[in-house]
Amino acid sequence: MDSWYLLFCKSRQEARAQVNLQNQGIEAFFPQLQKQQLIKGRRTFKQSAVFPNYLFVRLNAHTGNFAAVKNTRGISGFVSYGASYQLVPELLINELKNAQLTQDSNNLPQPGDLVCLNNGSFKDVQAIFKEPDGDMRSILLVNLLNKQIEMSVDNSDVRKVG
């Protein structure tokens, strides 16, 4: 019967180890997280490991070639407790495969959300978030003198209320 095992990889070589294992016909899984970041004013997406330095591999407990896995490039060895290798539940692997692993480091409010301004003359003034205005700014609806005014502000000056 096939089981999932936990492997420890060399630093930042999870993808290399996964490719080398798959070239040997061994099923390997390496969950990744897609991060959205602002770098120099541009929105970029970066892949990073959910579990840095770890990889999951599926082997048969009786007929699996554990020695070949241990000697694969990029792998340090199996995670073990005593003499037995660490087993990973099938349910956990399925949940990781089906999960949408994304992280938005921008964390902008949604249109219609109540926000508060942090900058000098508008400190603690509440507004309604209308829409993003490029990657670095947002358009807000602010009540000034009983009149609703649209203004574009820097994203760092906006914080979500609540």
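## Salt bridges and the main pocket

Arg58 has a relative accessible area of 23%, so this residue counts as partly exposed; the buried class would call for a value under 20%. The model examined here is a predicted one. Arg58 is a handy place to start, as its side chain turns up in more than one of the contacts below.

Across the model, the count of salt bridges comes to seven. In one of them, the side chain of Arg58 pairs with that of Asp2, with 3.9 Å from N to O. Asp2 belongs to strand S1 (residues 2–9) and Arg58 to strand S5 (residues 54–60), so this contact ties together parts of the chain that sit 56 residues apart in sequence. Like its partner, Asp2 is partly exposed, and here the relative accessible area is 36%.

What else does the side chain of Arg58 meet in a salt bridge? The other partner is Glu90, at 3.2 Å from N to O. This pair, too, links distant parts of the chain: Arg58 sits in strand S5 and Glu90 in helix H3 (residues 90–98), with their positions 32 residues apart. Glu90 is partly exposed as well, with a relative accessible area of 33%.

Further along the chain, Asp124 and Arg159 bring their side chains together in a salt bridge of 3.6 Å, N to O. Asp124 is found in the loop between strand S11 (114–117) and strand S12 (126–133), while Arg159 is part of strand S15 (residues 158–160), so the contact ties together parts 35 residues apart in sequence. Both ends are partly exposed: Asp124 has a relative accessibility of 49%, and Arg159 has 38%. Back at Arg58, salt bridges with shared partners join up into one network, made of Asp2, Glu27, Arg58, Glu90 and Lys97.

Now for the pockets. The largest pocket has a volume of about 220 Å³. Which residues line the largest pocket? The lining consists of Arg12, Glu14, Ala15, Arg16, Phe30, Gln32, Lys35, Lys46, Gln47, Ser48 and Ala49. Helix H1 (14–23), strand S3 (32–39) and strand S4 (42–49) each put in at least two of the lining residues. Strand S4 gives the most, with four residues. Sorted by class, the lining holds five charged, three polar and three nonpolar residues. Among the charged ones are Arg12 and Lys46, and Phe30 is one of the nonpolar ones.

Note on methods
Residues numbered from 1 in each chain as written. Predicted model: local features only at pLDDT ≥ 70, side-chain atom pairs only at ≥ 80, totals over all residues. Heavy atoms only, no water. Salt bridge = Lys/Arg side-chain N within 4 Å of Asp/Glu carboxyl O. Buried < 20%, exposed > 50% of the residue type's maximum accessible area, 1.4 Å probe, protein only. 1 Å grid on protein atoms, 1.4 Å probe; cavity = no way out; pocket = protein on both sides within 12 Å on 5 of 7 lines; lining within 4 Å. Points joined across faces, edges and corners; volume = space filled by probe spheres on them.
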